[in-house]
Amino acid sequence: MQAEPDAENAAGGGPARANGTPVAPAAPATPGVPGAQAPSGTAGAEAAARSRRFPSITRDTARPEGSGRAVPGAVSTPARQWPMLSVLAATAVGLLATAFGYPRVGCLAIGVALIAAAVMRRVLPSVGMLAVRSRFTDMITYGLLGVAITLLALVMAAPKPWLVIPFMESAVRFTVR
């Protein structure tokens, strides 16, 4: 039962592992004067007490690299977030082109916007809200999605493809038709 170890901990019995076995309390740090060196026998104990493992409970999340403002804080908010706004504007143009009956041009605009996001994430030191994950993950994600959307727009069969890839017809036959 899980209630028993919890009751022991509440009564001062000490911490317990998930399976209920008691855990020995950690040895306190060697008391002493700040700056004084510990005897050589306790150096191994201090190294064992400090672990290089990640903590079991995460207290906070790290901000992605490059997630600071793209422009200093004295400038207005839209100007500070120009990388994200430029990608969103190009995507909106692509969606409008698709809505007005030009799906190939719209998909190309969206794909190029994502490729531009990958390039900006690589080149610029700070891209504001365009930084979601690590720099490498953002570049790969934006780049692959942009290339995939651009290629699909080029081989789209409405009404005639701009790019003909020989194996694409057989690959699409089993997935779409």
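# A guided tour from R133 to helix 4

Select R133 to begin: its relative accessible area of 33% makes this residue partly exposed (buried means under 20% relative accessible area, exposed over 50%, partly exposed in between, with a 1.4 Å probe and protein chains only). The model is predicted, so local features need pLDDT of at least 70 and side-chain atom pairs pLDDT 80 or more, while totals for chains, interfaces and linings use all residues. Residues are numbered from 1 along each chain as its sequence is written, and side-chain values use heavy atoms, leaving out hydrogens and water.

**The salt bridges**

Add D138 to the selection. The side chains of R133 and D138 form a salt bridge, 3.0 Å from N to O (a side-chain nitrogen of Lys or Arg within 4 Å of a carboxyl oxygen of Asp or Glu). D138 has 0% relative accessibility and therefore counts as buried.

Next, select R121, which is also buried. R121 pairs with D138 in a salt bridge whose closest N and O atoms are 2.8 Å apart. This pair links distant parts of the chain, with R121 in helix 5 and D138 in helix 6 (residues 135-155), 17 residues apart. Helices here are DSSP runs of H or I with at least four residues, and strands are runs of E with at least two, numbered from the N terminus. Together, R121, R133 and D138 are linked in a network of salt bridges.

**The nonpolar core**

Now select Y142. Beyond its neighbours within four places in sequence, Y142 is in contact (heavy atoms within 4.5 Å) with several residues, among them R133, L114 and L130.

Y142 also belongs to the largest nonpolar core, which has 10 residues, including V87, L114, M120 and L130. Such a core is a set of buried Ala, Val, Leu, Ile, Met, Phe, Trp, Tyr and Cys residues joined through side-chain atoms within 4.5 Å. Helix 5 gives the most to this core, with five residues.

**Helix 4**

From the core, follow V87 into helix 4, where the buried residues are P83, V87, G94 and A97. Seen down the helix axis, these fall within an arc of 85° (taken from the directions from the axis to the C-beta atoms), so they line one face of helix 4. What covers them includes helix 3 (77-80) and helix 5 (103-123). Rotate to the face turned away from the buried side to find the exposed residues L95 and A99. Finally, select G101, just after helix 4, which takes a positive phi of about 100°.

**The whole protein**

Zoom out to the whole protein, which has seven helices and zero strands. Of its 177 residues, 19% are buried.
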